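Welcome, and please open your viewer. We will go from the whole chain to a sheet, then to what packs around it.

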Amino acid sequence: MAVEVIQPTLDDNILARLPVRYYERDGAGVVYDDQFYLYNEYGERVSETTFHSDLNRYLFEVLRWAFYKRISSIYQFLEYRFDRELSELEIEMRRAKFKPASDEANMTKQRVKVEPDLAIFLDIAIVEDEASFTVGEGKQLPPPHWLLETASPGTFERDLDIKFKMYRDALKAKEYIVFDPHEKQLWQGSRLKAWRLQNNEYVPLPEDEQGRLWSEVLQSWLVVEGRYLRLYDAQGERRLTQLEHTELLLEQERFARERLEDEMIQVQIQMRQERIELERTKVQVEQAQVEKERVQAQAERAQSQLEQARSEKEQVQNQFVEVQAEKERIQVQAERERTEKETAQRRIAELEVRLKAMESGQ
């Protein structure tokens with residue numbers, strides 16, 4: 001949320017020197033960042049907002065985890081000091097301010113301090129305790145492979161001008177990134193500006209069709225997502241912090257455990273269903289066995305009845321045979337009796353004829 005303040009005047013030297021961007025809105029000045037800063041006597045900001053600190057710390061953790069298997073040195077707030085040659089006008093103004101000049105040599109130079117938000121040195125293990133180095137004096141660091149500045153309303157012009165030249169010409173950083181995390185952009189166009197050092201000149205990194213920038217140093221896509229600068233590998237997987245990675249593993253483990261528990265529940269349900277089905281099958285088998293025994297009993301009973309019927313049939317047949325035999329015997333006997341009767345009748349007839357003949361002969 002923007003905070004409305006009184007528009008500073010040219011006579012207000014302190015406010016005029018502060019690197020805070022003011023914008024006109026409804027006739028009043030608007031401070032772009034809703035944060036408090038600390039400034040030194042020259043109006044230079046010496047503190048960082050929680051907003052920017054969180055963003056830089058996030059990227060620091062991402063890079064530290066991305067390169068934890070590789071020898072590297074990653075810094076936040078690595079301080080570089082330069083001696084800048086002053087223009088004639090600046091020299092005259094300094095002489096007028098510091099009369100009498102105690103050191104004429106210092107009148108022509110100004111010690112400038114720059115502090116990139118993030119600096120990466122790959123394949124180099126820097127074991128120095130100090131985090132402040134003067135270019136051209138004492139121990140020197142190799143050229144950084146990657147520098148990042150998270151822009152703010154009061155510093156982005158310096159990031160794109162003075163620091164751009166210093167990082168290119170003095171530090172010779174291989175890649176330099178300036179990221180605007182504000183939704184209300186500090187400049188027109190993409191909120192992400194990046195360059196790669198080629199032949200001592202910074203060449204802008206080209207955007208792909210999705211607006212991403214490929215960092216050769218990080219082997220990552222640089223992608224603006226809301227107020228964050230995200231890193232994605234060549235396969236499109238977002239690079240995580242160690243904490244995010246751990247949380248992801250825990251989440252995957254929890255998901256796997258829940259899935260295993262669900263599978264176990266499903267197995268238990270299936271086993272219960274199979275047990276019920278087995279019991280039902282057993283009942284059906286028992287019923288089938290009972291039915292089989294009933295059918296067998298019926299079959300045995302029918303067989304017994306059949307055998308009984310066969311026995312009765314045989315008895316009837318035997319009786320029939322006996323009746324037939326008796327009938328034939330009776331018939332034979334009747335025939336014999338008939339024959340005997342006929343023989344007896346013929347004999348009687350003969351006897352009668354003979355008797356008549358005898359009677360007639362008498």
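How many helices and strands are there in the chain? Colour by secondary structure: this predicted model has 6 helices and 15 strands.

**The whole chain.** Show the surface next. Its accessible area comes to about 25000 Å², and carbon and sulfur atoms hold 52% of that. Of the 362 residues, 28% are buried. If you draw a contact map, look away from the diagonal: among contacts with a separation of 6 or more, 60% join residues 24 or more positions apart.

**The sheet.** Now select the open sheet of 6 strands, ordered β4-β7-β9-β10-β11-β12 with mixed pairing. Its edges are β4 (72–76) and β12 (201–204), each paired on one side only. From one strand to the next, the twist averages 20°. Zoom in on β9 (residues 146–150), which pairs with β10 in the parallel sense over 5 bridges. There, T150 stands opposite F179 of β10.

**A helix across it.** Add α2 (residues 50–66), which lies across β4, β7 and β9 and runs at about 175° to β4.

**The cores.** Show side chains for L78, Y80, F121, L147, Y167, Y176 and Y202: these have the most contacts inside the largest nonpolar core, which has 24 residues. At least two residues each come from β5 (79–85), β6 (109–114), β7 (118–122), α5 (162–171) and β10 (175–179). The largest share, 4 residues, is supplied by α5. Another core, of 23 residues, lies apart from that one and includes V62, L63, L122 and L229.

**Last stop.** Centre on Y176: leaving out residues up to four places away in sequence, its contacts include L147, F164, Y167, W195 and Y202, along with E149, D159 and K163.

Technical notes
Residues numbered from 1 in each chain as written. Predicted model: local features only at pLDDT ≥ 70, side-chain atom pairs only at ≥ 80, totals over all residues. Heavy atoms only, no water. Buried < 20%, exposed > 50% of the residue type's maximum accessible area, 1.4 Å probe, protein only. Contact = heavy atoms within 4.5 Å. Areas by Shrake-Rupley, 256 points an atom, 1.4 Å probe, with all protein chains shown as cover. Core = buried A, V, L, I, M, F, W, Y, C linked by side-chain atoms within 4.5 Å. Pairing = 2+ DSSP bridges. Axes fitted to C-alpha atoms, helices over the stretch in contact; angles between N-to-C directions.
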